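Visitor: I am in my first year and would like a close look at a single part of this structure. Could you take me through that part slowly, one step after another?

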Amino acid sequence: MAVETAGGTLVIEGGHSLRGPVVISGSKNATMGAMAAALLVPDECILENVPRIGDVEQMARVLRSLGAAVEWTGEHTLRLSCAELHGSSPPTELVGNLRGSFLVMGALLGRLGAASCAPPGGDVIGQRPIDVHLKGFEALGATVGREGDRYVAEGKALRGATVFADYPSVLGTQNLMLVAVTTPGETTIINAAAEPEVQSLAAMLNAMGAKIAGAGSHTIRIEGVEGLRGTRYRIIPDRLEAGTYAIAAAITRGEVEVRHVNLEHLQSLIAKLREAGVEVEAEGDTLRARGVAELKPLTIQALPYPGLATDLQAPMAVLLTQADGVSYVHERVFDNRLLYVSELRQMGAEVVTTGTTTAIISGPTPLVGGRVRALDVRAGAALILAGLAARGRTEITDIYHVDRGYERIDEKLRSLGAVIERV
Ligand code: EPU
């Protein structure tokens, strides 16, 4: 039942309005934290609503390399059993292309008192330091060093402490939570990340017996407990996949009912779509987005939550190529997340960048099909959106990047009326 991260190319015949319902999968990034949390206990953890995507398969390989049993027991249900861990150090080749894999550091340090891991890979979107993670481990009393290509953390007698994060890093906050939940005393993370994926990890850990308060704010308090137990936990909906389909509706002037979402997590996107003139109805766990003939230009700023998600910056930029006027896109989370702009230009977009974090888009420009490359998971999704709106045929290569984070994207788009094939 393993999902293949098919490399490959997507071929899109553009110009078809998307219509109908689409069901959103579980969150990729919340699943990374949940899988790492399972390492904390010898009991079984059952995760529901797990997306069938490349990054989940890769994280499963990382966990198995440490002695965990990880198996699918249903289409979206994952059973993890970490009774007998035989290692505290995943092989470098497994972690090199998966950012979330670095979460094993916090979990193993908490469970075994020692962990080591090569610097995590991930998308090429800027410098991605891990000082927040490492300084946090040190603040709790761990010794952190470098041995060859790996970071090594050791700490048999950790103590709760107040930790100030220089930046509200999502994975950094999660890593500190993973180690602090069983560290004696109280840990306070100041300037913690507030993202829903952080809240989700806190909810799962609390269901396992942890005492975490304040997740969702920038101050998280954790009272260390002696032991945790296994749990059954349902992964939250993927707000980034949801956003991508809402934008797909808008850019193709279609109407899509995006189902099984958490609307609270989508407020920034809804606000900006409405400002652009897109008709959005939000009720219960459904968001309905309807495209309009004339889109208004916007200024958007990608920011930590509850600001507009950096992961939706590229998809929104593609939408703004169709707006009537000049739009400004400011990326304020990563320092090099506009690399997709050169691919977009090849499709006829009029975009200039100033530095590596601001793009100025003049629209509307008709997009035309071409052969472009997915540079990372979100840049790839953005090019798919461009292809859906473009005249003619678009070929997007290196689609494995997109498959790392989007479940069956070609099938879901086809069910909405897109003409899209995987070759
Ligand atoms: N940063 C630091 N020091 C650190 C860590 C981060 O200065 O120790 C800076 C980074 O340089 C960057 C900013 O903080 O400028 C944000 O990085 P953060 O650590 O918050 O990102 P991350 O935890 O590595 C997660 C998601 C990303 C998402 C970001 C921001 C996972 C597996 N990844 O990465 O998701 O863009 O948070 O929300 O959870 C994606 O899904 O496509 C993706 C890239």
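**A closer look at strand β20**

Guide: Five bridges join strand β19, residues 350–354, to strand β20, and these two strands run antiparallel. Please keep in mind throughout that what you see is a predicted model. Between β19 and β20 lies a hairpin with three residues between the strands, and within this hairpin glycine 355 takes a positive phi near 70°. If you look for a particular pair across these strands, you will find that threonine 353 has alanine 359 of β20 as its bridge partner.

Strand β20, which covers residues 358–363, also pairs with strand β18, residues 325–331, in the antiparallel sense and over six bridges. Here alanine 359 of β20 appears again, this time as the bridge partner of valine 329. Alanine 359 is thus a useful place to rest your eye, since it is the bridge partner of threonine 353 and also that of valine 329.

From the strands you can turn to the helices α10, residues 313–320, and α12, residues 377–389, whose axes come within 8 Å and cross at roughly 20°. Because angles under 35 degrees count as roughly parallel, α10 and α12 are described as roughly parallel to each other. Where they touch, Ala314, Pro315 and Val318 in α10 meet Arg378, Ala379, Ala382, Leu385 and Ala386 in α12. Sorted by class, this contact of α10 with α12 has seven nonpolar residues, no polar ones and one charged residue.

How values were computed: Residues are numbered from 1 along each chain as its sequence is written. This is a predicted model: local features need pLDDT of at least 70, side-chain atom pairs count only at pLDDT 80 or more; totals for chains, interfaces and linings use all residues. Side-chain values use heavy atoms; hydrogens and water are left out. Axes are lines fitted to C-alpha atoms, for helices over the stretch in contact, and angles run from 0 to 180 degrees between N-to-C directions. Helices (H or I, at least four residues) and strands (E, at least two) are DSSP runs, numbered from the N terminus. Angles under 35 degrees count as roughly parallel, over 145 as roughly antiparallel, 65 to 115 as roughly perpendicular and the rest as oblique. Contact means heavy atoms within 4.5 Å. Ala, Val, Leu, Ile, Met, Phe, Trp, Tyr, Cys and Pro count as nonpolar, Asp, Glu, Lys and Arg as charged, and the others, Gly among them, as polar. Two strands pair if DSSP finds at least two bridges between them.
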